[in-house]
Amino acid sequence: MPRRVVALFCWTYLVWVLLTWTLTLEVQLFGAGFALAIALALAPLGEVAAPWQLLRPRRLGSAVMLLLSAAGRIVVANLRLSRLIWHPGLRRPGGPLRSGMVIVPTRYESAGQLTAVGLITSLIVDNQITDADRSRQELQYHAVVVPGGGPRQARKEINEPVERWLAPFGGFGEGDNS
């Protein structure tokens with residue numbers, strides 16, 4: 001339990017620092033107290049991935065590649081969407097955007113893994129997650145432009161770039177707290 005509290009404290013304090021972006025002593029002390037209270041309240045609920053797991057070379061490399069890959073895809077998706085909005089003539093000849101719902105298979109089945117894939121892929125404006133089915137290992141998205149070619153092609157375009165870099169992280173807090 002103490003290890004879980006420390007891990008939760010680290011994550012919560014990191015979020016505090018990122019949200020406040022203020023380095024005054026008072027703000028940091030308040031944030032530390034707030035993070036500790038949250039960590040103590042959440043610790044009994046279950047395992048949590050410890051932040052120091054990111055320091056393992058394989059995970060650190062994958063985390064950096066995931067960050068770079070997602071950032072690149074976010075920029076490209078925003079530029080593509082801007083182009084489609086500002087230049088409607090570039091859309092499919094004679095029709096509007098092919099937006100709609102798409103069901104995409106995933107190789108992950110744990111709640112933590114599905115959450116990570118769904119959240120990271122939803123940061124990219126092309127697709128927003130709407131549902132996850134753990135039993136079928138599928139994610140449902142609302143897509144600005146529905147990928148052609150069926151579920152395998154949709155997985156290749158939406159999930160695969162994220163799943164490739166998440167693999168070294170294991171089960172996301174489900175017994176993987178080493």
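**Reading burial, salt bridges and contacts in a predicted chain**

Modeller: Arginine 80 has a relative accessible area of 38% and is therefore partly exposed; buried stands for under 20% relative accessible area, exposed for over 50%, and partly exposed for what lies in between, with a 1.4 Å probe and protein chains only. This is a predicted model, in which local features need pLDDT of at least 70 and side-chain atom pairs count only at pLDDT 80 or more, whereas totals for chains, interfaces and linings use all residues. Residues are numbered from 1 along each chain as its sequence is written, and side-chain values use heavy atoms, with hydrogens and water left out.

Colleague: Before the details, what pattern does the chain follow along the sequence?

Modeller: Helices (H or I, at least four residues) and strands (E, at least two) are DSSP runs numbered from the N terminus. Here the chain has 6 helices and 3 strands, in the order α-α-α-β-α-β-β-α-α. Its C-alpha trace spans about 60 × 40 × 30 Å along the principal axes, and buried residues account for 34% of the 178 residues.

Colleague: How should I read a salt bridge, and which residue does aspartate 126 meet in one?

Modeller: Side chains of opposite charge can pair when their charged atoms come close. The rule asks for a side-chain nitrogen of Lys or Arg within 4 Å of a carboxyl oxygen of Asp or Glu, and by it the count comes to 4 salt bridges. Aspartate 126 meets arginine 80 at 2.6 Å, N to O. Because aspartate 126 lies in the loop between H4 and S2 while arginine 80 belongs to helix H3, this pair ties together parts that are 46 residues apart in sequence. Aspartate 126 counts as buried, at 18% relative accessibility.

Colleague: Where do the two partners of the arginine 4 and glutamate 47 pair lie?

Modeller: The closest N and O atoms of arginine 4 and glutamate 47 are 3.0 Å apart, and the pair links distant parts of the chain, with arginine 4 in helix H1 and glutamate 47 in the loop between helix H2 (25–42) and H3, 43 residues apart. Arginine 4 counts as buried at 18% relative accessibility, whereas glutamate 47 is partly exposed at 41%.

Colleague: What, then, is the nearest side chain of opposite charge to arginine 73?

Modeller: For charge, Lys and Arg count as positive and Asp and Glu as negative, while His and the chain ends are not counted. Arginine 73, in helix H3, is buried yet has no salt bridge, and the nearest side chain of opposite charge, aspartate 126, is 6.1 Å away. With contact taken as heavy atoms within 4.5 Å, and leaving aside residues up to four places away in sequence, arginine 73 touches Ile124, Glu157, Ile158, Pro161 and Val162.

Colleague: How does one read the two sides of a helix, and which residues of helix H5 are buried?

Modeller: One looks at the arc, taken from the directions from the helix axis to the C-beta atoms. In H5 (residues 150–158) the buried residues are Ala154, Arg155 and Ile158, and they lie on the same side of the helix because they cover an arc of only 100° around its axis. On the other side of H5, Arg152 and Lys156 are exposed. The cover over the buried residues of H5 includes helix H3 (57–86), strand S3 (138–143) and helix H6 (160–166). Arg155, which is buried at 16% relative accessible area, also pairs with glutamate 160 at 2.5 Å between the closest N and O atoms, and Arg155, Glu160 and Glu163 are linked in a network of salt bridges.

Colleague: Turning to the surface, which residues make the nonpolar patch of about 460 Å²?

Modeller: Patches are made of residues with over 30% relative accessible area and no salt bridge, like charges being joined within 9 Å and nonpolar side chains (Val, Leu, Ile, Met, Phe, Trp, Tyr) within 5 Å; the areas come from the Shrake-Rupley method with a 1.4 Å probe, and for residues only the protein chains shown count as cover. This patch is made by Trp11, Leu14, Leu18 and Trp21. Leucine 14 lies in helix H1 (residues 2–20) and is partly exposed at 40%. The C-alpha atoms of leucine 14 and proline 51 are separated by 9.9 Å, although the two are 37 residues apart along the chain.
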